[in-house]
There are 2 protein chains.
Amino acid sequence: MQGKLFLLPNLLDETAISDFPPSVNMVVTQIQGLIAESEKSARRYLRRFFSHDLMTQMPLRLLNEHTEKSELEQLLDPMMQGETWGLISDAGLPCIADPGSDLVFLAHQKGIFIETFVGPCSIIMALQLSGFSGQHFTFHGYLPKDSNQLNAKLKELEKLPGTQIWIEAPYRSPKMLETLKAVLNPTTLLCIASSLSTPEQKVVTKMISQWKNSSLGKEPAIFLISGTIPLIKNNL
Amino acid sequence: MQGKLFLLPNLLDETAISDFPPSVNMVVTQIQGLIAESEKSARRYLRRFFSHDLMTQMPLRLLNEHTEKSELEQLLDPMMQGETWGLISDAGLPCIADPGSDLVFLAHQKGIFIETFVGPCSIIMALQLSGFSGQHFTFHGYLPKDSNQLNAKLKELEKLPGTQIWIEAPYRSPKMLETLKAVLNPTTLLCIASSLSTPEQKVVTKMISQWKNSSLGKEPAIFLISGTIPLIKNNL
C-alpha cells in the first residue's frame with residue numbers, strides 16, 4: 001500500500017505567516033518526514049508547526065541541485081512503505097522554478113498519491129500585478145549568463161506573443177535592468193516585480209524608454225515583458 | 001489621493017473554504033466595493049466574509065468578456081476618489097486565465113496602489129502535480145476550436161521546449177482527449193488534471209500510447225504536454 005507525497009507551500013518572506021491557508025496547517029501535522037532543499041530550511045519550516053522535540057525528531061531528506069537522478073528512487077522509499085511525506089522548496093511552491101518535478105514524475109509511476117496545497121507563487125503574483133496578459137504567458141526560468149547569448153535571447157523573447165517572464169539572482173538584478181535598457185525596443189513594456197510579499201515589495205510597469213533614469217538594487221526580482229501591446233498602451 | 005485595488009483570490013471549489021489564507025480574510029473586510037464577473041458570484045463571495053446586510057449593501061461593478069476597453073476607466077473611478085476595492089474572478093485568481101489584466105494595467109498608469117493575495121491557481125497546481133518541468137512552461141489559454149487549426153497547433157506545441165499547458169471548456173474535455181490521442185506522437189507525455197480541488201480531483205500523467213483505452217468525462221480539465229522528456233521516462 002503506497003503512501004502519500006504532499007507538495008507543501010513555503011512562505012516567500014518569513015514575516016508573511018498569514019499567507020498559509022488553514023488547509024496547510026491541517027496537513028503539515030500529518031507528515032512523517034520532509035524532503036527539503038537544505039536541513040536548515042527544513043527545520044525552520046517545521047518549527048512553525050511542531051514543538052521543538054517533534055521538529056528535531058522529524059526525518060529529513062534533501063533534494064536540491066546536487067541530487068542525482070539515480071537518488072530519486074531512494075527518496076520515495078518511505079512512501080513506498082506507506083508513509084506520508086512532505087516536499088518543500090526554500091521559498092514559494094515546490095516544482096515551480098524549483099526542484100521537485102522529477103520526483104513527482106517518478107512518484108506517479110510508482111502509484112504514490114500526490115496532493116498539492118495553496119500557497120504563494122511569486123511568478124503568478126508578479127504576473128497579476130504587472131497588468132500584462134495572463135491568458136498567454138511563458139516562464140523561462142533563468143536566461144543565459146553569457147552576454148551575447150543573453151542579448152540574442154532577449155531579442156527573441158521580445159518578438160513572442162503573450163507575456164514573457166524570467167528570474168535572475170538578486171545580485172545580478174541591477175545588471176539585468178541595464179541590459180534590458182540597452183537591448184530592448186524603447187516601446188517594449190517592462191515590468192519589474194521586486195521583493196514580493198516583503199515590506200519592500202515594488203511593482204513597476206512602463207516602457208523601456210521610461211526606465212531610462214531608473215535603477216534597481218540587488219533585490220530578488222521577477223522580470224516581465226509584454227509582446228502583445230495592451231490596447232490602452234496609447235494612454236501612456 | 002488614489003485608493004487601492006486588491007486582487008482577491010476566489011476558491012476553485014465551494015467546499016475548499018480552508019484554502020483562504022488568514023491574510024485574505026483580513027483584507028476582504030477592508031474593501032468598499034467589489035468588481036466581479038457577475039453579480040451572483042460577487043454576492044456568493046461576499047457572503048463568506050460579511051453579514052447579510054453588509055453583503056447586500058456592498059457596491060458592485062462588473063468586469064467580464066462583455067466589458068469594453070472604454071469602460072475600464074469608469075471602473076477605477078471609486079479608487080481615484082481614494083476608495084479601496086476588490087477584484088475577483090469566478091474561480092481562482094483574477095488576471096490569470098481570467099479578466100483583469102487590462103484593468104490592472106490602467107490602474108498602474110493612474111497611480112492606484114495594487115496588491116495581490118495568496119490563493120488557489122489551478123494552472124500552477126496542475127503543473128506541480130503533473131511531474132513536468134516547472135522551470136520552463138507556457139500557458140496558452142484556450143486552443144483554436146476549428147479542428148484543422150487545432151491539429152496544426154498541437155503539432156506545433158509538441159515540438160516546443162518545456163511544458164505546454166492549456167484549458168478547455170468542460171463539455172469539450174472528452175473531445176479534446178480524443179483529438180490528442182489521434183494527433184500527438186505516441187511517446188509524447190500527456191497529463192490531464194481534472195476537477196482540481198474537488199473531491200473528484202484526478203491527475204494522470206502517461207504517454208499518449210498509454211491513454212489509448214482511457215476516456216474523460218465532461219469535467220473542468222487542464223491539459224499539459226511535455227516537450228522535454230524527463231530523464232526517467234525510460235522507466236515507464
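These are my notebook entries on a predicted model with chains A and B.

**Entry 1. Overall figures for chain A**

I began with the content of chain A and counted 10 helices and 10 strands. I then looked up the extent along the principal axes, and the C-alpha atoms of chain A fill a box of roughly 60 × 35 × 30 Å. Chain A has 236 residues, and 44% of them are buried. I also checked how far apart in sequence the contacting residues lie. Among contacts in chain A with a separation of 6 or more, 78% join residues that are 24 or more positions apart.

**Entry 2. Domains**

Where do the domains of chain A begin and end? Domain 1 covers 4-116 and domain 2 covers 122-235. I looked up the distance between the centres of domain 1 and domain 2 of chain A, taken over C-alpha atoms, and it is 30 Å. The contact between them draws 7 residues from domain 1 of chain A and 8 residues from domain 2 of chain A. On the domain 1 side of chain A, I noted 4 nonpolar residues, 1 polar residue and 2 charged residues.

**Entry 3. Strand pairing around β4(A)**

I followed β4 (residues 84-87) of chain A and its pairing with β1 (residues 4-7) of chain A, which is parallel over 4 bridges. In that pairing, Leu7(A) has Leu87(A) as its bridge partner. I next took β2 (residues 33-36) of chain A, which also pairs with β4(A) in the parallel sense, over 3 bridges. Here Gly33(A) is bridged to Trp85(A) in β4(A).

**Entry 4. Relation of the two chains**

I looked up the operation that superposes chain A on chain B. It is a rotation of 180° with 0.0 Å of shift along its axis, and the RMSD is 0.0 Å. The two copies are therefore related as by a two-fold rotation axis. I compared the contact residues as well: 100% of those of chain A recur in chain B, and the same surface serves both copies.

**Entry 5. The contact between chains A and B**

How many residues of chain A are in contact with chain B? I found 49 residues of chain A in contact with 49 residues of chain B. I listed the elements that give two or more residues to the chain A side: α1 (22-28), α6 (101-109), β5 (113-116), α7 (122-130) and β6 (137-142) of chain A. The element that gives the most is α6(A), with 7 residues. By type, the chain A side divides into 28 nonpolar, 18 polar and 3 charged residues.

I then looked for strand pairing across the chains. Strand β6(A) pairs with β6 (residues 137-142) of chain B in the antiparallel sense, over 3 bridges. In this pairing, Thr138(A) stands opposite Thr138(B).

**Entry 6. Helix α7(A) and the nonpolar core**

I went back to α7(A) and checked burial residue by residue. The helix is largely enclosed by the rest of the structure, because 9 of its 9 residues are buried. Among them are Ser122(A), Gln128(A) and Ser130(A), along with Ile123(A), Met125(A) and Leu127(A). Just after α7(A), I noted Gly131(A) with a positive phi of about 85°.

Which residues touch the most other members of the largest nonpolar core? The core has 137 residues, and the answer is Ile123(A), Ala126(A), Ile123(B) and Ala126(B). I looked up the contacts of Ile123(B), leaving aside neighbours within four places in sequence. These are Ile96(B), Ala97(B), Phe139(B), Ile165(B) and Ile222(B).

**Entry 7. Positive phi outside glycine**

Most residues other than glycine have a negative phi, so I noted the exceptions that I came across.

One is Ala97(B), which is not a glycine but has a positive phi of about 55°. I placed Ala97(B) in the loop between β4 (84-87) and α6 (101-109) of chain B. Is Ala97(B) buried or exposed? Ala97(B) is buried, because 24 other C-beta atoms lie within 10 Å, and the cut-off is 20 or more. Ala97(B) is also one of the contacts of Ile123(B) noted in Entry 6.

Another is Ser195(A), with a positive phi of about 50°. I found Ser195(A) in the loop between β8 (189-194) and β9 (202-207) of chain A. Ser195(A) has 17 C-beta neighbours inside 10 Å and therefore counts as partly exposed.

Methods. Residues are numbered from 1 along each chain as its sequence is written. Chains are lettered from A and ligands numbered from 1 in the order in which they are written. This is a predicted model: local features need pLDDT of at least 70, side-chain atom pairs count only at pLDDT 80 or more; totals for chains, interfaces and linings use all residues. Domain bounds come from an automatic or database domain assignment. Two residues are in contact if their C-beta atoms, placed from the backbone, lie within 7 Å. Ala, Val, Leu, Ile, Met, Phe, Trp, Tyr, Cys and Pro count as nonpolar, Asp, Glu, Lys and Arg as charged, and the others, Gly among them, as polar. Two strands pair if DSSP finds at least two bridges between them. Copies are superposed by least squares on the C-alpha atoms of residues with pLDDT of at least 70 in both. A residue is buried if 20 or more other C-beta atoms lie within 10 Å of its own, exposed if 12 or fewer, and partly exposed in between; C-beta atoms are placed from the backbone. A nonpolar core is a set of buried Ala, Val, Leu, Ile, Met, Phe, Trp, Tyr and Cys residues joined through C-beta atoms within 7 Å.
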